Number of protein chains: 2
Amino acid sequence: MVTSRDVARVAGVSQSTVSYVMSGRRSISAKTRQRVEAAIEQLTYQPNAGARALASQRTQVIGLVVPFGPGADTTGLLPFIETIAGCVRDEDHDVLLVTANEGSAGLSRLAGRSLCDAIVMMDIEADDPRIPVAAALQIPVILIGVPDDSAGLCCVDLDFPLAGRMAVAELAALGHDQVVLIGHPAEVVERDINFVRRFQRGAAAAAAAHGLPHHVVAPVAPGRAGAEAAVEEALRHGGERPGIVVPNSQAVQPVLQALLDRGRTPGRDLSLIGLCTDTVAEASTPAVTNVSLEPRDVSRRAMQTLFRLLDRRREPPAELVDLVVPRLTRRQTTLPAT
Amino acid sequence: MVTSRDVARVAGVSQSTVSYVMSGRRSISAKTRQRVEAAIEQLTYQPNAGARALASQRTQVIGLVVPFGPGADTTGLLPFIETIAGCVRDEDHDVLLVTANEGSAGLSRLAGRSLCDAIVMMDIEADDPRIPVAAALQIPVILIGVPDDSAGLCCVDLDFPLAGRMAVAELAALGHDQVVLIGHPAEVVERDINFVRRFQRGAAAAAAAHGLPHHVVAPVAPGRAGAEAAVEEALRHGGERPGIVVPNSQAVQPVLQALLDRGRTPGRDLSLIGLCTDTVAEASTPAVTNVSLEPRDVSRRAMQTLFRLLDRRREPPAELVDLVVPRLTRRQTTLPAT
DNA sequence: TCCCGTTGTCGATACGCATCGACAACGGGA
DNA sequence: TCCCGTTGTCGATGCGTATCGACAACGGGA
């Protein structure tokens, strides 16, 4: 193993000078710097992560707690992970992956053993038992999702209430006389993931504001069968020109198919708006009008906040909750604008 | 921060004794052990990862290189990651996530900085430029996928040639007079991911063995449009009773839909076999007869080999290439057995 | 009784780096 | 000419743990 001492010997300087060249924390003459850099290159020196962490109290690692256990919505998880990993690498850090089924113990482990400098938690429940544990840790924790009580932790998420309002407002503008919301599997509802309620509340508020009756179909069993049943119920309650909202990525395609199978073509005699990524919306035929989940924006904003928290020079963000504005894209499953 | 020295003081022993209690590398009297364990509990002591890594030359971390860059097949990636993370935790290690777009540099970084004890690489190309780099590292590397030349590295993967043979043999047994293979997007073919060719070779061999003419449709554009075109071509070449094989998870559902749209119902006048996970196969209606990708089995086997390589006491596996036997499940898209 | 092997514990050291205080060299102003 | 501030480098130390050698206590066999 090549150490900074080896580099120092080759460059004819002391080990501490090598360290200062790498960190830039003290001024170094151009000549010395060049010699050191040449030696680093020649020996292909790379600092030992453990030693660096021990000496500097910084691991350059971000812990990422992802929902993997059964019952977690893993659809659309990848864009989050991918974006987070990218942002973290841009800051010359790395990602340590921890699955949510470790629960609070996982958080304690990450912080207690100094495995990472900060933690990102996804899939936050409304009353998540991990929140108090996370808030008590000695390292920054950032939530992707908004619990009822964030205990002072920073949260980033899509503005789900706004997403609900946008979807319903669009349906109202298209002249629908009834809004039907096709919800989530019992499992998800039970876990009380925050966005379910937040979206529904926004949708309900908008429906009331527009004087539209609205009906919620829930729980919806996962898979084809559940979608079929949900669509049956939706069509029963939906009146002549129902506007259907599906705030559930996994259900969008099956619901669309179930409607087509019944001879109801979204975009002609009814409208369908999905809450899903653009990728999912564009994958089906006809392409689904959607309110985007914007996983990349959400992740990026979360990482910005995270690295601000890690930088002692900069002050923490004034606002704890950072909501990303969703985007509605009109495609083929909504009526043409009148 | 609580250190092992604090634990030692509370327990009235020396720091080294605490260390030996935790590692079990020297015999400790029951009385002393209990005192130390009580102190650990009382102080909620957790060893510092950096210090431990520095002293022991073991990080207890496994590097996982996942395909995230554009053009990577991220469908079905999650079960791999999930299973790997689980196995790694079972061995009291952690997972450091690295994206493939860092290329060889990512590997050098992981090993050079001693960020992890071993590396798992996914999404291996037939002539992957990372292989020689990986083989030269000082730490074990295991491949999920089989390159043309593994340079002495252990590989674990599904037995794709066998999968191809199984699919074609099934079609032959069902009395089809022609086999059509609907392939991958140009992007994937260009990247020369090993399993594409390996599956096709197996399928071709089986077709020849059964005296069946076979035709390959490739490249297939991703999404609905590509599936439509591919199905058109397949039906043109497929004769009266074509047996269609789709060794591409993402294309299974669109191809099925395109067939249905054309009034051709798989399971009645033709057969469709997908190469995909059971989850994908069961999600569509009708459920697709499939050859399973077995991501969990593959991951598990890879982790077993990995930890064997990490354990100096155990000898490395005799066989470098470990192929998992696929499983064919008959569902609704193949003709009933005659 | 004496000797030696075993068991259990301790002190000391090394791991590789970051950082602090010290200080030599140098230059500009009085 | 002398003094002092600045710049650049070095030596020493500490981070928290694992591990090695030493050794005391103990017991069994000759």
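This report covers the chain symmetry, nonpolar cores, one buried histidine and the DNA surfaces of a predicted model.

## Basis

In this predicted model, local features need pLDDT of at least 70 and side-chain atom pairs count only at pLDDT 80 or more, while totals for chains, interfaces and linings use all residues; side-chain values use heavy atoms, without hydrogens and water. Residues are numbered from 1 along each chain as its sequence is written, and chains are lettered from A and ligands numbered from 1 in the order in which they are written.

## Symmetry of the two chains

A turn of 180 degrees and a shift of 0.1 Å along the axis lay chain A on chain B with an RMSD of 0.1 Å. The two copies are thus related as by a two-fold rotation axis. The superposition is by least squares on C-alpha atoms of residues with pLDDT of at least 70 in both copies.

Of the interface residues of chain A, 100% are also interface residues in chain B, so the copies meet through the same surface.

## Nonpolar cores

The largest nonpolar core holds 99 residues. L64(A), V120(A), L64(B) and V120(B) have the most contacts inside it. Apart from this core lies another, of 43 residues, including A49(A), L107(A), A134(B) and I139(B). A nonpolar core here is a set of buried Ala, Val, Leu, Ile, Met, Phe, Trp, Tyr and Cys residues joined through side-chain atoms within 4.5 Å. Buried means under 20% relative accessible area, exposed over 50%, and partly exposed in between (1.4 Å probe, protein chains only).

L64(B) touches I81(B), I84(B), V95(B), L96(B), L97(B), V98(B), V120(B) and M122(B), leaving out residues up to four places away in sequence. Contact means heavy atoms within 4.5 Å.

## A buried histidine

H184(A) sits in the loop between β6 (178-182) and α9 (186-191) of chain A. Helices (H or I, at least four residues) and strands (E, at least two) are DSSP runs, numbered from the N terminus. H184(A) counts as buried, at 6% relative accessibility.

A polar atom of the H184(A) side chain lies 2.8 Å from the backbone oxygen of P247(A). Beyond its neighbours within four places in sequence, H184(A) is in contact with V189(A), F195(A), V196(A), P219(A), V220(A), P247(A) and N248(A).

## DNA strand C

DNA strand C is surrounded by 29 residues, and S4(A), R26(A), Y45(A), T17(B) and T32(B) are the closest. A residue is near a strand if one of its heavy atoms lies within 4 Å of it. This surface has 11 nonpolar, 14 polar and four charged residues. Ala, Val, Leu, Ile, Met, Phe, Trp, Tyr, Cys and Pro count as nonpolar, Asp, Glu, Lys and Arg as charged, and the others, Gly among them, as polar.

Of the strand C atoms within 4 Å of the protein, 56% belong to sugar or phosphate and the rest to bases. A backbone N or O atom of S4(A) lies 2.5 Å from a phosphate oxygen. A side-chain N or O atom of Y45(A) lies 2.4 Å from a phosphate oxygen. On the base side, a polar side-chain atom of R26(A) is 2.3 Å from a base oxygen.

## DNA strand D

Around DNA strand D there are 30 residues, with T17(A), T32(A), S4(B), R26(B) and Y45(B) nearest. By class they are 11 nonpolar, 14 polar and five charged.

A side-chain N or O atom of R26(B) lies 2.3 Å from a base oxygen of strand D. A polar side-chain atom of Y20(B) is 2.7 Å from a base nitrogen. Y45(B) places a polar side-chain atom 2.5 Å from a phosphate oxygen.

Note on methods. A polar contact is a pair of N or O atoms within 3.5 Å; within protein, one must be able to donate a hydrogen and the other to accept it, and residues adjacent in sequence count only if both atoms are side-chain atoms.
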